[in-house]
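User: I'd like to go through the pockets in this one with you. Can we start once it's on screen?

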Amino acid sequence: MMNDYITVSRLEVYANHGVFPEENKLGQKFVISLKLYLDLSKAGADDDLTQSVDYGQVCRRVCDLAKSDTYKLIEKLSYEITQTLLDEYELLKAVEATVEKPWAPIGLPLDTVSVTVKRARHMAYIAVGSNMGDRESYIGTAIEKLNHTRGCRVLRTSCLLETKPYGVTDQPDFLNGALCVSTYLRPHELLELLQRLENEAMRVRERRWGPRTLDLDILLYDDVVINDERLCIPHADMKNREFVLKPLEEIAPFALHPIYKKTVREMLEELV
Ligand code: ROI
């Protein structure tokens with residue numbers, strides 16, 4: 001699937017990106033190459049353009065994008081190209097964009113200088129919880145905002161369950177659920193987004209494991225394993241938490257824990 005791709009080589013665009021004011025005023029040549037990853041099995045079998053992306057249309061869109069804004073950095077232009085194409089072409093699984101600036105005014109002779117950025121869609125499972133105030137509304141608002149964030153689509157939501165507090169038990173009951181999100185945000189970008197949504201729900205961190213208006217935790221992200229000072233994926237304690245596994249089982253019984261090599265259903269069965 002990710003083996004199939006369309007390549008666009010060295011599309012030339014005259015545009016105004018650069019750190020120096022002269023570059024913004026005079027403009028120069030940019031050379032853009034793309035790798036568009038998508039499943040071409042249907043287009044290949046049926047000779048049907050609607051099952052692929054029209055590379056002519058993509059090239060016009062990219063030209064348009066490069067000309068319509070002025071960025072300081074070719075990094076930014078590369079980012080915009082990958083994100084915009086993923087926003088606008090649902091069939092794309094990933095996009096790699098290379099932006100070259102052969103006339104970069106650095107006062108030294110060079111052949112070209114370029115930036116390459118790759119972005120791919122991922123599947124993330126997120127736990128939601130609340131045990132303060134209007135719990136349903138905090139959770140509902142967060143799901144709505146998540147679904148309207150660039151690079152995120154909420155594909156499935158579980159029912160919300162009333163659960164007894166786990167860990168620190170002298171606090172009100174929780175409402176808990178799980179979401180399936182398709183996203184091209186990278187794990188730490190997704191974490192930052194979730195933390196911003198928690199803050200927007202006026203969450204205050206008074207004590208660890210204490211009551212909260214909104215809790216959003218990444219449970220799984222493809223089969224990625226991360227363990228650093230900010231982020232632990234898969235969620236460290238998920239296999240011990242019925243309030244996580246039960247709603248998750250409703251939307252993704254066969255999702256696989258990449259370390260235990262067990263499905264969500266198996267982990268839930270072992271717990272109850
Ligand atoms: N207990 C329940 N039932 N639901 C939660 O979402 C939840 N979240 C937590 C702690 C405090 C560990 N306990 C919980 O962070």
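Analyst: Before we start, a word on labels: helices and strands here are DSSP runs, with at least four residues for a helix and at least two for a strand, and they are numbered from the N terminus. Please also keep in mind that this is a predicted model.

User: Ok, how big is the largest pocket by volume?

Analyst: The computed volume of the largest pocket is about 1000 Å³. Its lining is made up of 39 residues, and those closest to the centre are Trp 209, Arg 212, Asp 215, Asp 217 and His 235.

User: And which elements give two or more residues to that lining?

Analyst: Strands E5 (122-130), E8 (174-183) and E9 (215-221) do, together with helices H6 (187-200) and H7 (242-251). The largest share comes from E9, which contributes five residues.

User: What's the lining of the largest pocket like by class?

Analyst: It divides into 19 nonpolar, 13 charged and seven polar residues.

User: Switching over, what volume does the second largest pocket have?

Analyst: That pocket comes out at about 270 Å³.

User: Which elements supply at least two residues each there?

Analyst: Helix H4 (74-88), strand E6 (152-157) and strand E8 each do so, and E6 gives the most, with three residues. The lining includes Leu 86 and Asp 87, as well as Cys 152, Arg 153 and Leu 155, and also Ser 182 and Thr 183.

User: How many of the residues lining the second largest pocket are charged?

Analyst: Five are charged, while four are nonpolar and three are polar. Among the residues of this lining are Glu 90, Arg 121 and Arg 150.

Terms used. Residues are numbered from 1 along each chain as its sequence is written. This is a predicted model: local features need pLDDT of at least 70, side-chain atom pairs count only at pLDDT 80 or more; totals for chains, interfaces and linings use all residues. Side-chain values use heavy atoms; hydrogens and water are left out. On a 1 Å grid over the protein atoms alone, a cavity is a set of points where a 1.4 Å probe fits but cannot get out, and a pocket is an open set with protein on both sides within 12 Å along at least five of seven lines; lining residues have an atom within 4 Å of a point. Grid points are joined across faces, edges and corners, and a volume is the space filled by probe spheres set on the points. Ala, Val, Leu, Ile, Met, Phe, Trp, Tyr, Cys and Pro count as nonpolar, Asp, Glu, Lys and Arg as charged, and the others, Gly among them, as polar.
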